[in-house]
Amino acid sequence: MKAILSMALVLGLCGLAGAADKVDPVGTWKCEYKIGDQMLTAELTIKKDGDKLVGMMNWPDQKDEKLKDVKLKESTLTFSAVRKFMGNEFPLDFTLTVEGDKFKGKSAVEFGGQKQEYDIEGKREKKDK
């Protein structure tokens, strides 16, 4: 009987620990990425709309670009956005690994018939208390 109670307690605690580790991408993220020698920034906002994730991306010269196909699987957040620059549109695909209040990942864009990837990192902004 003790063995059964001990096992139930261990499994229960493991379940609680797993629930505490659940990734939550909701919030506003400050993003940094480098293209060539230039360090660039963007702002990513993820929200919940019912049981779906939605969001927006802001660059210094482009605001409120709606995200498409926002999905979270385990700790991997994926979505697409369109970057408008100098009269052109560039569809971007993002794959980010979220750990707490940070993420690291890649963004991919097709440019000149070739797919190019760049690294991107972000930190979640702290909410004012």
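Which residue of β2 stands opposite I35? In this predicted model, the partner of I35 is Q38. The two strands concerned are β1, residues 27-35, and β2, residues 38-49. They run antiparallel and are joined over 9 bridges.

This pair belongs to an open sheet of 9 strands. Pairing in the sheet is antiparallel, and the strand order is β4-β3-β2-β1-β9-β8-β7-β6-β5. In that order, β1 sits between β2 and β9. The edges are formed by β4 (62-66) and β5 (68-73), each of which pairs on one side only. From one strand to the next, the twist averages 25°.

Two pockets were examined. The largest has a volume of about 480 Å³. Its lining comprises 16 residues, and those closest to the pocket centre are I35, L40, R83, F85 and F90. I35 thus recurs here, having been placed opposite Q38 above. Two or more lining residues come from each of β1, β2, β6 (76-85), β7 (88-99), β8 (102-111) and β9 (114-124). By class, the lining holds 11 nonpolar, 3 polar and 2 charged residues.

The second largest pocket has a volume of about 200 Å³. K30, E32, T97, E99, K102, F103, K104, E121, G122 and K123 line this pocket. At least two of these residues are supplied by each of β1, β7, β8 and β9. Here the division is 1 nonpolar, 2 polar and 7 charged.

Conventions: Residues are numbered from 1 along each chain as its sequence is written. This is a predicted model: local features need pLDDT of at least 70, side-chain atom pairs count only at pLDDT 80 or more; totals for chains, interfaces and linings use all residues. Side-chain values use heavy atoms; hydrogens and water are left out. Two strands pair if DSSP finds at least two bridges between them. Helices (H or I, at least four residues) and strands (E, at least two) are DSSP runs, numbered from the N terminus. Axes are lines fitted to C-alpha atoms, for helices over the stretch in contact, and angles run from 0 to 180 degrees between N-to-C directions. On a 1 Å grid over the protein atoms alone, a cavity is a set of points where a 1.4 Å probe fits but cannot get out, and a pocket is an open set with protein on both sides within 12 Å along at least five of seven lines; lining residues have an atom within 4 Å of a point. Grid points are joined across faces, edges and corners, and a volume is the space filled by probe spheres set on the points. Ala, Val, Leu, Ile, Met, Phe, Trp, Tyr, Cys and Pro count as nonpolar, Asp, Glu, Lys and Arg as charged, and the others, Gly among them, as polar.
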